[in-house]
Amino acid sequence: MSEIIKYENGQIDVPDNPVILYIKGDGIGPDIWNSTREILDGAVEKAYGGKRSIDWKEIIAGENAFNKTGEWLPDETVNEIDKYRVAIKGPLTTPVGKGVRSINVALRQRFRLYSCIRPVKYFTGVPSPVKRPEDVDMVIYRENMEDLYSGIEWKEGTDEAAKVINFLNSEMGRQIPEDSGIGVKPISEKNTKNLVRNAIKFALAQGKKSVTIMHKGNIMKFTEGAFRDWGYEVARDEFPGKTITEKELWDKYDGKVPEGKIVIKDRIADAMFQEVIINPSKYDVIAAPNLNGDYISDALAALVGGLGIAPGANIGDNHAVFEATHGTAPDIAGKDIANPGSLVLSGEMMFRFLGWNEAADLVIKAFSKTILEKKVTQDLAREMDGATLLRSSEFGKAVVANM
Ligand code: NAI
């Protein structure tokens, strides 16, 4: 009998047969969803032998929903997520210039999914552009609701833009050219602290050594600089005895992180891009405002072999949406050749979130083995010597066979 996932006093309560929502997504979405579902069901069956199972329930969004209902994000979909709380989704077409904002952004805002979590880890055998991709093992906590992504923008030449420019020039002593478009970058104490708090909790729970705050606070003092300061504040005020600064690391501990503690450090965003390439092993968890987090996520994914296998999760206090991080890949849609890796690994994150670690371990084990055997989809096969080229659907079966 299927049941609903609940939250009790901020803690998730997962029944043995939970209803979990899925959105196949547009473009390659259906191709990668079918094999992902096969892999996730296979892992649950193998791990729990029938004691646990997922009652999948489909909901729609994106172009698929628009074609069926005239809505990009139907109310029913929103209501279902509200009720069932956990969903996994394929990529969605972002409507261009139709007065509709990105559906992904809308979902994040509606359910206050303030943490975007992107683990970036190397799987042996995946072609990578760097010499030691195995040193890359980081988890990015990206603030998901504000910064330049909050959508506060006015187009050049509109009355609204003119009004804002006039206010800034006449009342705030600025000299903004009249032919400017305007965007606003709010970064709040509450969202920053929520995000950094979760990043620190995760780092402590997983035995990681550091959380690095990535910011451009030298230039944007009251947004990105504040993000850094609030980050340090959370660490100091809420995790005393568990967190140390980089200065303390060297002054008191001779550069060795003591057992049970983590170092909180910060890096300027541009330097961070160099650092993750030159010294990847020095970084574990990265906490970043929305825009920095967006950039660094894709850059890191490229270091370990690209977006086709980078998973993501959007998590708030009461809802969680797991997703493929790539787009709908219209160039290869419907051909059964896309790499399901990103969606599969976001399913693995979902299992850990549910506390189903045995199933998560099985997914990782079988996925790694399949890649090591060089049984891969075309995106990876064309970069590997001696690979066996599989369709998306065949890849799903190969992974299940390796469990
Ligand atoms: P894209 O990620 O769809 O494609 C970029 C390149 O990567 C293409 O060559 C594509 O074939 C390849 N690729 C992507 N995923 C792959 C996979 N799983 N296996 C093999 N190859 C893969 O980015 P693009 O073209 O910029 O965006 C297309 C559409 O997707 C747009 O409407 C965009 O707004 C939307 N999009 C949606 C996202 C989401 O729902 N999370 C994220 C990014 C874009």
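**Entry 1: the core**

I looked up the largest nonpolar core of this predicted model. It has 89 residues, and Leu300 and Phe351 have the most contacts inside it. Helix α12, residues 357-372, gives the most to this core, with 8 residues. I then checked where the core sits with respect to the domains. Domain 1 (1-114 + 310-403) and domain 2 (129-146 + 186-303) both give residues to it, so the core lies between them. My note beside this says that in soluble globular proteins, nonpolar side chains tend to be buried together.

I took Leu300 and listed what it touches, leaving out residues up to four places away in sequence. The list is Val120, Val136, Met138, Ile140, Val276 and Ile286. I also found a second, separate core, which has 17 residues. Among them are Ile59, Ala61, Ile103 and Phe111.

**Entry 2: helix α7**

I checked the length of helix α7, which runs over residues 221-238. At 1.5 Å a residue, its 18 residues should span 26 Å, and the end C-alpha atoms are 24 Å apart, which agrees. I also looked for a bend and found a kink of about 25 degrees in α7, centred on Phe227.

Which residues of α7 are buried? I wrote down Thr223, Glu224, Gly225, Ala226, Phe227, Trp230, Gly231, Val234 and Ala235. Phe227 is therefore both the centre of the kink and one of the buried residues, a class that needs under 20% relative accessible area. I then looked up what covers the buried residues of α7. The cover includes two helices, α6 (189-205) and α10 (290-303). It also includes the strands β10 (210-215), β11 (243-245), β12 (262-268) and β13 (285-288).

**Entry 3: Asn191**

I placed Asn191 in helix α6, which is among the elements covering α7. Is Asn191 buried or exposed? Asn191 is buried, with a relative accessible area of 4%. Leaving aside neighbours within four places in sequence, I found Asn191 in contact with Arg112, Tyr114, Glu143, Met145 and Glu146.

**Entry 4: salt bridges**

How many salt bridges are there? The count comes to 26. I went through three pairs and one network.

In the first pair I looked at, the side chains of Asp41 and Arg37 meet at 3.8 Å, N to O. Both residues lie in helix α1, residues 29-48, and they are 4 residues apart, about one turn of the helix. An α-helix has 3.6 residues a turn, so residues three or four places apart point the same way. Asp41 is partly exposed, at 28% relative accessibility. Arg37 is partly exposed too, with a relative accessible area of 29%.

I next looked at Glu38, whose side chain meets that of Lys397 in a salt bridge of 3.2 Å, N to O. This pair links distant parts of the chain, with Glu38 in helix α1 and Lys397 in helix α14 (residues 392-401), 359 residues apart. Glu38 counts as partly exposed, at 30% relative accessibility.

The last pair I checked is Arg110 with Asp82, where the closest N and O atoms are 3.9 Å apart. Arg110 is in helix α4 (residues 103-110) and Asp82 is in helix α3 (residues 75-84), so I counted this as another link between distant parts of the chain, 28 residues apart. Arg110 is partly exposed at 42% relative accessibility, and Asp82 is partly exposed at 33%. I closed the page with the network: salt bridges that share partners join Asp16, Lys51 and Arg52.

Key:
Residues are numbered from 1 along each chain as its sequence is written. This is a predicted model: local features need pLDDT of at least 70, side-chain atom pairs count only at pLDDT 80 or more; totals for chains, interfaces and linings use all residues. Side-chain values use heavy atoms; hydrogens and water are left out. The expected span of a helix is 1.5 Å times one less than its number of residues. The bend at a residue is the angle between axes fitted to the seven residues ending there and the seven starting there. Buried means under 20% relative accessible area, exposed over 50%, partly exposed in between (1.4 Å probe, protein chains only). Contact means heavy atoms within 4.5 Å. A nonpolar core is a set of buried Ala, Val, Leu, Ile, Met, Phe, Trp, Tyr and Cys residues joined through side-chain atoms within 4.5 Å. Domain bounds come from an automatic or database domain assignment. A salt bridge is a side-chain nitrogen of Lys or Arg within 4 Å of a carboxyl oxygen of Asp or Glu.
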